[in-house]
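Visitor: I would like a close look at a single part of this model, one helix and what surrounds it. Please start with how far the prediction can be trusted.

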Amino acid sequence: MNNNLLSKLAFTGLKNNKKAVLPYVLVSAITVMVFHILQSLIDSKFLVNNGKTAFYGADYIVLFMGIGSIAVGIFSVIFILYGNQFVMKGRKKEIGLYGVLGLSKKDVSFVLFIENLIMSASAIVGGILAGTFLNKLMVLLLYRIIRQPMVKGMDFSLRATILTAVFFSIIYAVCFIYNVLTVRLGNPITILKSENIGEKEPKVKYPLLIIGVLAIACGYFLAVIADNTMVALNSLFIAIIFVTLGTYALFIAGTIFVLKMLKKNKNYYYKTKHFISISNLMFRMKHNAAGLASICILSTAVILLLVCSTSLMMLGEQNIDSMFPKDVMVRGVVNENCSLSDADNAVDEVLKTVGITAQDRSSVSFYMDVCDVEDDGLSVHPNDSFDFTKLRSIYIVTAEQYELYTGKQASLAPGEIYRYSSADDVKDGDKIKIFGNEYSVKKSIDESGLEEFFDSSMRLFGKEVMVVADNNEKSAMLADCNSEELGEDLFYIGFNAKDDISDEQLQTVRDTLSGKLGTVMCRYKEEERSSFYSLYGGTFFVGIFLAALFLIATVMIIFYKQMSEGMEDKKRFEILSNAGLSDKEARGVIKSQVMLMFFLPVCTAIIHIIFASNILRLFMAAILIVDTFTFNMAVAIVSLVFLGVYALVYRITSKQYYNIVYGEKKNNESIKENRESFVGNNSYNQCGAGNRA
Amino acid sequence: MAVLEVEHVKKVYKTKMGIDSVTALKDVHFSVEKGEFVAIMGESGSGKTTLLNILASLDVPTAGKVLVNGKDFSALKDNERAIMRRNNLGFIFQDFNLLDNFTIEDNIKLPLVLAGEDHRTMDDKVAPLVKELGIADLIHKYPYEVSGGQKQRTAVARALITKPQILLADEPTGALDSKAATNLMHQLRDIHKSGQTILMVTHSNVAASYADRVMFIRDGEVFHQIYRGNLKRSEMLDKICDAVTVLMRGGEDSE
């Protein structure tokens, strides 16, 4: 067989199916691009140059890019296989016709090969080219997000390019093999015949319906009742599984149930709009419920991802400020070799030598431990216990230190305490048991001035501060604790630096202090800020990429769904038009139907998000301080943006759908197209005959 | 009074760019009286389908007019035409054109629903009709569950439920076996006897022999007409067969 002719056939085949082929190639190209960009950033000299990180935390970003690109890789396999399947579905009839016209399966495979080659080559080359040019833009974007100064110059990674090309070639090879197998395994007549066989009206699957309702209820219940981070950490994943399960079950059984109910209501059912929509939707849901549920879950994932990344960025400054109330914070252990005044002296001395001017200096020593909260007070947290739900951190400070540190008066008798609690409502005169001894709360104190005590790594848990009369009282309070327990006397020295501290100065301070005072933790705010933005900026960056990719995938699924449904509905609306359904009415019916199909998943997704916001916020609190208002704002903004983008997609694809179903103006065009393909087939026939002769 | 008047209808299809044009209907002129049963016969490509589409107001003539009850509805807008269509015309198609996701009952009710009728009065209209057509037991089934003849009777019921001025039938027996076809034609004759105006396009001599008048269309023109008068059906069939033979000869001569 003439290869030239076969290639021509492949070209016309692609051209005639451009509506299905173009989005497929485009989405694939975008996937290739995203993968390529993430991979090139791993090699970027702006992040790691010859094994040296370009800025503090760049290695985190490289790690995130790696993880991100693996995720993108997995998803691209799924997208491309799905898209390929759809494109092939549309071509089956044509391929069947080729078979009937006398093309051998080898020839058909050749045509398919040419087609796949064109599609894959344009996607891979296009994606890599776009990726190469956008790479620099992405570096700039990344630098902006992580607040690094801009850099000049381009970079290109050969390794990333080769990896991308090879990886996607393999995916396309798999697609090609799949396509060839479908052609080889089917016989022309069965492939050619794609007539709809009548089917039964779907029945309500009551067990599934009940499971769905229960699963959603359980999921929502878990999400809503979670009231602290520990509970959130425990139940978030269970809740996600419940809700996912429930979503699928409800989309499959619930929609049919509702439609059946509506159909039973004759007053509602026998109205032009409802009459047609309900019956159409019933059958459509039968086929598409799982697909719509997937769209819903994907949308939820996109929103979740974006909410987490956005709130991370929105809460950044606030977090850094609350974690670092002072520019420099020095913490260490008080013991017989090192008292608070030793530490104070050492700090003063080293600051003088390196030339740092300290302002707002404060220092305090206190006892820090963890405890479990009980009904009547606080008890020792057993060392072998992994039950963290009742855990709190406790800080015990003497009245003398309290006065010195906060500047507030404190007068306490033995057995009396001042108490601050981040979790409980403390009233003056309360009685509380602490490690087995009973105390009366003389005064409830508030958090102000105490923030610098708190160890930011213990943020997850509730905080208790107890002010006691003196050191004897403190020892008495701790007398019943076992010696093996975690608590230590600590000192804290914090100050603001007048000028920026250089890396060298910081290093000297660190070395000197640990030489004099033993293990000392000395943290500098600017350094922490940089590492914070690298860490969370990196996640944000990758998060945006993944979200964009999910969104594109969702759009592609919707687009293909609209197209295939348009084809199915075409005949139906022709009949309706014959029966006297006016164009205007048809538009109305189509619109309400498409709207429902379109917005059901995304509205469900948003409802999921609203229910999830509580547990999600608590979950996020495990890694940073989350302010409810900001977080809810992030949820609202992300949801609205997502809805907006989704609505835009709806506008575009519903136009397509309408054109397919009811496009009278488009009719001429489709006639022309048919004629073209007909002519194409004819020339085919002749050549097939010639070959045989 | 003529319920349908076709006045010098012409239809020319232009291809894209307007270089070639195909004349589907040259000059078709006839009228149908109230209560008449007219069959239109013709070869493929004679312009039958085009004519039916124009009569059904699915297509607009290039020249000429179609009047239903004296009203020209080619001048109306699309939406008004659709409403006109569902108020005045009933359709039967060769391939039934039933909606596969509706039950037989809902298929029949469709035109009433489109007309915005109250659902309580619908049942009163459906019941006698399905009884008459012998599909009363099937109304809760779906189209794919019933035979071709039953599907076509459903289509007839759907066409008649609005009590249309004219029943338009496009090859109603085309997809049926001979027994089902005879059955259907008997039913159409009964419907006609009850006063219904029917206009049927067909290939089948047998189907056409049930009509009061048979019109032959060739090359876009009414070529010949046969009136039944007092003839029996078998005599009518003979006449039609003769006319078809002449028609075919004429076709050969002109080649």
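Guide: This is a predicted model, and chain B has a mean pLDDT of 85, with 96% of its residues at 70 or more. For the complex, the predictor reports an ipTM of 0.77 and a pTM of 0.73.

The part to look at is helix α17 of chain A, which spans residues 583–620. Helix α7 of chain A, residues 206–225, packs against α17(A) with the two axes 7 Å apart and at an angle of about 40°. An angle from 35 to 65 degrees is neither roughly parallel nor roughly perpendicular, and α7(A) and α17(A) are therefore oblique to each other. The crossing of α7(A) past α17(A) is left-handed. On the α7(A) side, Tyr220(A), Ala223(A) and Val224(A) make the contact, while α17(A) contributes Phe611(A), Ala612(A), Asn614(A) and Ile615(A). Sorted by class, this contact holds 6 nonpolar residues, 1 polar residue and no charged ones.

Cys603(A) also belongs to α17 of chain A. Around Cys603(A) there are 15 other C-beta atoms within 10 Å; a residue is buried at 20 or more and exposed at 12 or fewer, so Cys603(A) is partly exposed. Its C-alpha atom is separated by 9.8 Å from that of Ser639(A), which is 36 residues away along the chain.

Helix α17 also takes part in the contact between the chains, to which chain A and chain B give 24 residues each. On the side of chain A that touches chain B, at least two residues come from each of α9 (266–269), α10 (272–314), α16 (525–578), α17 and α19 (664–692). The largest share of that side, 6 residues, is supplied by α10(A). By class, the side of chain A that touches chain B has 8 nonpolar, 10 polar and 6 charged residues.

Two backbone details, one in each chain, complete the view. In chain A, Asp360(A) lies in strand β4, residues 358–373, and has a positive phi near 45° although it is not a glycine. Asp360(A) has 11 other C-beta atoms within 10 Å and is therefore exposed. In chain B, Asn69(B) sits in the loop between β4 (63–68) and β5 (71–72). The phi of Asn69(B) is also positive, at about 55°, in a residue that is not a glycine. With 14 C-beta neighbours inside 10 Å, Asn69(B) counts as partly exposed.

Conventions: Residues are numbered from 1 along each chain as its sequence is written. Chains are lettered from A and ligands numbered from 1 in the order in which they are written. This is a predicted model: local features need pLDDT of at least 70, side-chain atom pairs count only at pLDDT 80 or more; totals for chains, interfaces and linings use all residues. Axes are lines fitted to C-alpha atoms, for helices over the stretch in contact, and angles run from 0 to 180 degrees between N-to-C directions. Helices (H or I, at least four residues) and strands (E, at least two) are DSSP runs, numbered from the N terminus. Angles under 35 degrees count as roughly parallel, over 145 as roughly antiparallel, 65 to 115 as roughly perpendicular and the rest as oblique. A crossing is left-handed if the near helix is turned anticlockwise from the far one by less than a right angle, and right-handed if clockwise. Two residues are in contact if their C-beta atoms, placed from the backbone, lie within 7 Å. Ala, Val, Leu, Ile, Met, Phe, Trp, Tyr, Cys and Pro count as nonpolar, Asp, Glu, Lys and Arg as charged, and the others, Gly among them, as polar. pLDDT is the predictor's confidence in each residue, from 0 to 100.
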